[in-house]
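Please open the structure in your viewer and keep the selection tool at hand. The tour goes from the whole chain to single side chains.

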Amino acid sequence: QVQVVESGGGLVQPGESLRLSCATSGSIFSVNSMGWYRQAPGKGRELVATITFGHSTNYADSVKGRFTISRDNGKNTVYLQMNSLKPEDTAVYYCMANVMSRAFVRGNYWGQGTQVTVSS
């Protein structure tokens with residue numbers, strides 16, 4: 001079993017910052033890519049940012065220059081630093097981890113999501 005748990009969401013005003021964290025645990029041999037996705041009300045899930053084991057990153061155009069993804073390979077944890085938040089960033093943010101289990105089965109594992117609300 002692999003568990004993915006997000007934390008750090010909340011309610012902030014436009015222009016403020018939040019930091020999300022996501023810890024992966026359980027029967028893990030290795031964690032390859034990790035990423036953050038989000039889903040706003042009435043919309044589909046979209047990619048926010050991804051990061052490889054080697055720390056190569058990829059961002060959605062809408063968050064470039066404002067959000068920073070990072071990871072701690074020793075802790076199998078990924079972070080999302082969100083600055084200059086806008087109301088359109090309001091969504092449920094989901095963490096995804098591509099995991100090779102100790103049984104040498106690879107799969108994508110998702111967290112339960114954390115709500116981010118940006119409103120004045």
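The stops below say what to select and what is there.

**The whole chain**

Begin with everything shown as a cartoon, and keep in mind that this is a predicted model. How many helices and strands does the chain have? The secondary structure comes to zero helices and eleven strands. Read from the N terminus, the elements therefore run β-β-β-β-β-β-β-β-β-β-β.

Now show the C-alpha atoms alone. Along the principal axes, they fill a box of roughly 50 × 25 × 20 Å. The radius of gyration of the chain is 14 Å, which agrees with the value near 14 Å that a compact globule of 120 residues would have. If you colour by accessibility, buried residues make up 42% of the 120 residues.

**The four-stranded sheet**

Select β1, β3, β7 and β8. They belong to an open sheet with the order β1-β3-β8-β7, and the pairing is antiparallel. Which strands stand at the edges? They are β1 (2-7) and β7 (67-72); each has a single partner strand, so one side of each is left without a neighbour in the sheet. From one strand to the next, the twist averages 15°. Strands of a sheet pair through backbone hydrogen bonds, either parallel or antiparallel.

Next, keep only β1 and β3 in view. These two run antiparallel and are joined by six bridges. For one place to look, select Val 4, which stands opposite Thr 24 in β3.

Then swap β1 for β8. Strand β3 (residues 18-26) is joined to β8 by six bridges, and this pair also runs antiparallel. Select Leu 18 here: its bridge partner in β8 is Met 82.

Go back to β1 and select Glu 6, which is found in that strand. Is Glu 6 buried or exposed? Its relative accessibility is 5%, so Glu 6 counts as buried, the limit being under 20%. Add Trp 110 to the selection. The C-alpha atoms of Glu 6 and Trp 110 are separated by 9.5 Å, although the two are 104 residues apart along the chain.

**The salt bridges**

Side chains of opposite charge can pair when their charged atoms come close. The structure holds four salt bridges.

Select Arg 38 and Glu 46. They form a salt bridge whose closest N and O atoms are 2.7 Å apart. How accessible are the two partners? Arg 38 has 6% relative accessibility and so counts as buried, while Glu 46, at 36%, counts as partly exposed.

Keep Arg 38 and add Asp 89. This is another salt bridge, with the closest N and O atoms 3.0 Å apart. Asp 89 lies in the loop between β8 (77-82) and β9 (91-101), and Arg 38 in strand β4 (residues 28-39), so the pair ties together parts that are 51 residues apart in sequence. Asp 89 has 0% relative accessibility and counts as buried. To see the wider arrangement, add Arg 66: salt bridges that share partners join Arg 38, Glu 46, Arg 66 and Asp 89 into one network.

Now move to Lys 64 and Asp 61. Their salt bridge has its closest N and O atoms 3.1 Å apart. Asp 61 is exposed, with a relative accessible area of 64%.

**The aromatic rings**

The structure holds two aromatic pairs. For one of them, select Phe 29 and Phe 104. The ring centres are 5.0 Å apart and the planes are at 55°, so the pair is tilted. Where do the two residues lie? Phe 29 is in strand β4 and Phe 104 in the loop between β9 and β10 (106-110), so the pair ties together parts that are 75 residues apart in sequence. Both Phe 29 and Phe 104 are exposed.

The last selection is Arg 45 with two rings. Show Tyr 94 first: Arg 45 lies over the face of that ring, at 3.8 Å from the ring centre. Then show Trp 110, which you selected earlier with Glu 6. The charged end of Arg 45 also sits over the ring of Trp 110, 4.8 Å from its centre.

Notes. Residues numbered from 1 in each chain as written. Predicted model: local features only at pLDDT ≥ 70, side-chain atom pairs only at ≥ 80, totals over all residues. Heavy atoms only, no water. Salt bridge = Lys/Arg side-chain N within 4 Å of Asp/Glu carboxyl O. Buried < 20%, exposed > 50% of the residue type's maximum accessible area, 1.4 Å probe, protein only. Pairing = 2+ DSSP bridges. Axes fitted to C-alpha atoms, helices over the stretch in contact; angles between N-to-C directions. Phe/Tyr/Trp six-rings, centres within 6.5 Å; stacked < 30°, edge-to-face > 60°. Lys NZ or Arg CZ within 6 Å of the ring centre and 35° of its normal. Rg over C-alpha atoms; globule rule 2.2 N^0.38 Å.
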